[in-house]
Amino acid sequence: MRTYSFREEGESFTVEASSRAVARKRAVAELQASYRTTANVSGRPVFCDLYEIVRGIPDFLKTVQVDPEGPPCVTEAHAWEEVKGSLRGHGPGVTYTERCDHCNATRHTDTYGQRRDNGRQGYLIVTYVQED
Ligand SMILES: [Zn+2]
């Protein structure tokens, strides 16, 4: 086992693993686990930039996107229906809204979505709104 160092949002953390590839997978899994609740509560994805620290220098590894799981349905699974007239072009992508026939939850998809933290575009962003 070796110790590999990573950084995210200025916070460093280490992962014990048998290889660099395994360490990277574990680092991504740790970030996904730590941001799962935030994504679910806000109903929108969380983005975090993961750096691997190599010989003391942070080297950008990848952007980790943690998607919300969406609200539970009153039945086993949502029955998403596109809201008429919601489909619109957005840059090279599209946006559209769907509503569940069972529970009235709303799912909004933007195939050319923008990160709120740094304004970069081109991400698949799915957000949920649960209406009572
Ligand atoms: Zn539903």
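This passage describes the overall fold, the domain arrangement, the strand pairing and two residues of unusual backbone geometry in a predicted model.

In the predicted model, the protein contains one helix and nine strands, and these elements follow one another along the sequence in the pattern β-β-α-β-β-β-β-β-β-β. The radius of gyration of the protein is 18 Å, well over the 14 Å that the globule rule gives for 132 residues, so the chain is more spread out than a compact globule. Along the principal axes, the C-alpha atoms of the protein fill a box of roughly 55 × 35 × 20 Å. Of the 132 residues in the protein, 11% are buried. When contacts between residues at least 6 apart in sequence are considered, 36% of them join residues at least 24 apart.

The domain assignment divides the protein into domain 1, given as residues 2–66, and domain 2, given as residues 80–129. The centres of domain 1 and domain 2, taken over C-alpha atoms, are separated by 26 Å. Contact between the domains involves five residues of domain 1 and seven residues of domain 2. On the side of domain 1 that touches domain 2, the residues comprise two nonpolar, two polar and one charged.

Strand β7, which spans residues 93–100, takes part in several of the pairings described here. With strand β5 (residues 80–82), β7 runs antiparallel and is joined by three bridges, and within this pairing Glu81 stands opposite Arg99 of β7. Strand β6 (residues 88–90) likewise pairs with β7 in the antiparallel sense, over three bridges, with Arg88 placed opposite Thr95 of β7. The hairpin formed by β6 and β7 has two residues between the strands, and in this hairpin Gly91 adopts a positive phi near 55 degrees. Strand β8 (residues 106–114) is also antiparallel to β7, and five bridges join these two strands; here Glu98 stands opposite Arg107 of β8. In the hairpin of β7 and β8, five residues lie between the strands, and Asn104 takes a positive phi near 70 degrees.

Positive phi values are also found at two residues that precede domain 2 in the sequence, both of them within the bounds given for domain 1. Glu9, although not a glycine, has a positive phi of about 50 degrees, and this residue is located in the loop that connects β1 (2–8) with β2 (11–17). With a cut-off of 12 or fewer C-beta atoms for exposure, Glu9 is classed as exposed because 10 other C-beta atoms lie within 10 Å. Arg55, which is likewise not a glycine, also has a positive phi of about 50 degrees, and its place is in the loop between β3 (46–54) and β4 (57–66). Arg55 is exposed as well, since 6 other C-beta atoms are found within 10 Å.

Technical notes:
Residues are numbered from 1 along each chain as its sequence is written. This is a predicted model: local features need pLDDT of at least 70, side-chain atom pairs count only at pLDDT 80 or more; totals for chains, interfaces and linings use all residues. Helices (H or I, at least four residues) and strands (E, at least two) are DSSP runs, numbered from the N terminus. The radius of gyration is taken over C-alpha atoms; the globule rule is 2.2 Å times the number of residues to the power 0.38. A residue is buried if 20 or more other C-beta atoms lie within 10 Å of its own, exposed if 12 or fewer, and partly exposed in between; C-beta atoms are placed from the backbone. Two residues are in contact if their C-beta atoms, placed from the backbone, lie within 7 Å. Two strands pair if DSSP finds at least two bridges between them. Domain bounds come from an automatic or database domain assignment. Ala, Val, Leu, Ile, Met, Phe, Trp, Tyr, Cys and Pro count as nonpolar, Asp, Glu, Lys and Arg as charged, and the others, Gly among them, as polar.
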